[in-house]
Amino acid sequence: MPPSATLAIAAAVEANANLEPAQIGHGRGQLHEGYNRRVINPDGTVDMLWNNKDRLPTSPVDPEVGVISIQRASDNTTLVTLVNYSVHPVISMNFEQLIVSADYPGAMARQVEQQLGGRCIFLLGAAGDINPFDADMFRYATVDETFTAIDRLAGELSQEVIQVSSRITDYHANTHLAFDRYTLPLAERANGPHAAPTLSVELDTFLIGQRFAMVTIPGEPFVELGLDLKHRSPAESTWIIANCNDYHGYIPTIKATTEGGYGAGSATSLEVGAGEQLINQAVVSLHHQMKRVKPVSYTHLTLPTKR
């Protein structure tokens, strides 16, 4: 058993041993600290903008900061704060020295825990083509400058999370939880457009009450897919959570595969259109979970008599 699985089981056992009545609420804010690293030129070619310290405007991006607050029912103190944000945590990424860092999510979580109490857990959104403005700082900055930039972004994100948490007033102690799992048979892109499916790609959908939903994706979906899910979801608020249950590389849009670039023409493995299939299935699943799909009515069809 891999160490990650052992740790996950231990965490589940510990959580089960410490169950207590709780209440849950959700909210959202905004923080414009990401840019789209794929620059589409007039001739249709793609340039990769690996860092954007000059903060040049790009699109599309998703600035939404999603927050779930879980409190103790007994005294309203914080048990857990979940944060969903669609920006790659790659300020300190350094492939040359193989530095391992929790980057801005780790620093943000520590600050939230210090101010709100409980645990803070970061869940990456659809950031497949979204970088922080100070991405890959090892290319041009010192270590101290790099971690100063991490602390700056973490501070801004933590303050937004804390402000959103303070505005959440609608908490629920007895709410309906729904879960569904789908396995999509998908082909590998390298095998061509008519390849037989060889992969079983898992998609999970969670529904909390009738207002909040989460969708897990086993890879790094482009931001356009996350925005499409949020637009089409029947829930009031919907999160997409990347890198869950497996990892199939970057998951681009169909359009991006025709343009190329990193994540669309390389570092991606699923068949063209896999991202759209996953989002479509998520939308269908949520409609079923929310009882929005009407039953089929079979009526007798009478054909005209032949004369």
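## Exercises on a predicted model

Ser92 touches Ile99, Ser101, Asp103, Thr146, Phe147 and Ile150, leaving aside residues up to four places away in sequence. The model examined here is predicted.

### Exercise 1. The surroundings of Ser92

Determine where Ser92 lies, whether Ser92 is buried or exposed, and which side chain makes a polar contact with its side chain.

*Solution.*

Step 1. Locate the residue: Ser92 belongs to the loop between β6 and α2.

Step 2. Classify its accessibility. The relative accessible area of Ser92 is 7%, and the cut-off for a buried residue is under 20%; Ser92 is therefore buried.

Step 3. Examine the contacts. Among the residues touched by Ser92 are Ser101 and Asp103. With Ser101 there is a polar contact, side chain to side chain, at 3.1 Å.

### Exercise 2. Helix α2 and its ends

Describe the span of α2, its buried residues and their packing partners, and then consider the backbone at Asp103 and Gly117.

*Solution.*

Step 1. Compare the span with expectation. Helix α2 covers residues 103–116, 14 residues in all, and reaches 20 Å from its first C-alpha to its last. This is close to the 20 Å expected at 1.5 Å a residue.

Step 2. List the buried positions: Asp103, Tyr104, Pro105, Gly106, Ala107, Met108, Ala109 and Val112.

Step 3. Identify what these residues meet. The buried residues of α2 pack against the strands β6 (78–85) and β7 (119–124) and against helix α3 (143–167).

Step 4. Inspect Asp103, which is placed in α2. Its phi is near 55°, a positive value in a residue other than glycine. The relative accessibility of Asp103 is 4%, so this residue counts as buried.

Step 5. Inspect what follows the helix. After α2 comes Gly117, with a positive phi near 85°.

### Exercise 3. The sheet and the helices that pack on it

State the strand order of the open sheet of 4 strands, and establish how α4 and α6 are placed relative to its strands.

*Solution.*

Step 1. Read the topology. The strands of this open sheet follow the order β9-β10-β11-β13, and the pairing is mixed. At the edges are β9 and β13, each of which pairs on one side only. From one strand to the next, the twist averages 15°.

Step 2. Take one pair in detail. β11 and β13 are joined in the parallel sense over 5 bridges. In β13, Ile241 is the bridge partner of Thr216.

Step 3. Place the helices. α4 lies across β11 and β13 and runs at about 150° to β13. α6 packs on the sheet and touches β9, β10, β11 and β13; the direction of α6 makes about 150° with that of β9.

### Exercise 4. Helix α6 and the residue Lys291

Characterise α6 by its span, its buried residues and their partners, and determine whether Lys291 is buried or exposed.

*Solution.*

Step 1. Helix α6, residues 274–289, has 16 residues and reaches 22 Å from its first C-alpha to its last, close to the 22 Å expected at 1.5 Å a residue.

Step 2. The buried residues of α6 are Ala274, Gly275, Leu278, Ile279, Ala282, Val283, Ser285, Leu286 and Gln289.

Step 3. These buried residues pack against β9 (177–186), β10 (199–208), β11 (212–216) and β13 (237–241), as well as against α4 (223–232) and β14 (250–251).

Step 4. Lys291 is found in the segment after α6. Its phi is near 60°, a positive value in a residue other than glycine. At 71% relative accessibility, where the cut-off for exposed is over 50%, Lys291 counts as exposed.

### Exercise 5. Cysteines and a cis peptide bond

Establish how many disulfides the structure contains, describe Cys120 and Cys244, and locate the cis peptide bond from Ser59 to Pro60.

*Solution.*

Step 1. A search of the whole structure finds 0 disulfides.

Step 2. Cys120 is in no disulfide, and its nearest cysteine sulfur, that of Cys244, is 16 Å away. Since a disulfide requires sulfur atoms within 2.5 Å, the two are not so joined. Cys244 is likewise in no disulfide.

Step 3. Cys120 is buried at 8% relative accessibility, and Cys244 is buried at 17%.

Step 4. The peptide bond from Ser59 to Pro60 is cis, with omega near -5°. Pro60 is found in the loop between β4 (46–48) and β5 (64–72).

How values were computed. Residues are numbered from 1 along each chain as its sequence is written. This is a predicted model: local features need pLDDT of at least 70, side-chain atom pairs count only at pLDDT 80 or more; totals for chains, interfaces and linings use all residues. Side-chain values use heavy atoms; hydrogens and water are left out. Helices (H or I, at least four residues) and strands (E, at least two) are DSSP runs, numbered from the N terminus. The expected span of a helix is 1.5 Å times one less than its number of residues. Buried means under 20% relative accessible area, exposed over 50%, partly exposed in between (1.4 Å probe, protein chains only). Contact means heavy atoms within 4.5 Å. Two strands pair if DSSP finds at least two bridges between them. Axes are lines fitted to C-alpha atoms, for helices over the stretch in contact, and angles run from 0 to 180 degrees between N-to-C directions. A polar contact is a pair of N or O atoms within 3.5 Å; within protein, one must be able to donate a hydrogen and the other to accept it, and residues adjacent in sequence count only if both atoms are side-chain atoms.
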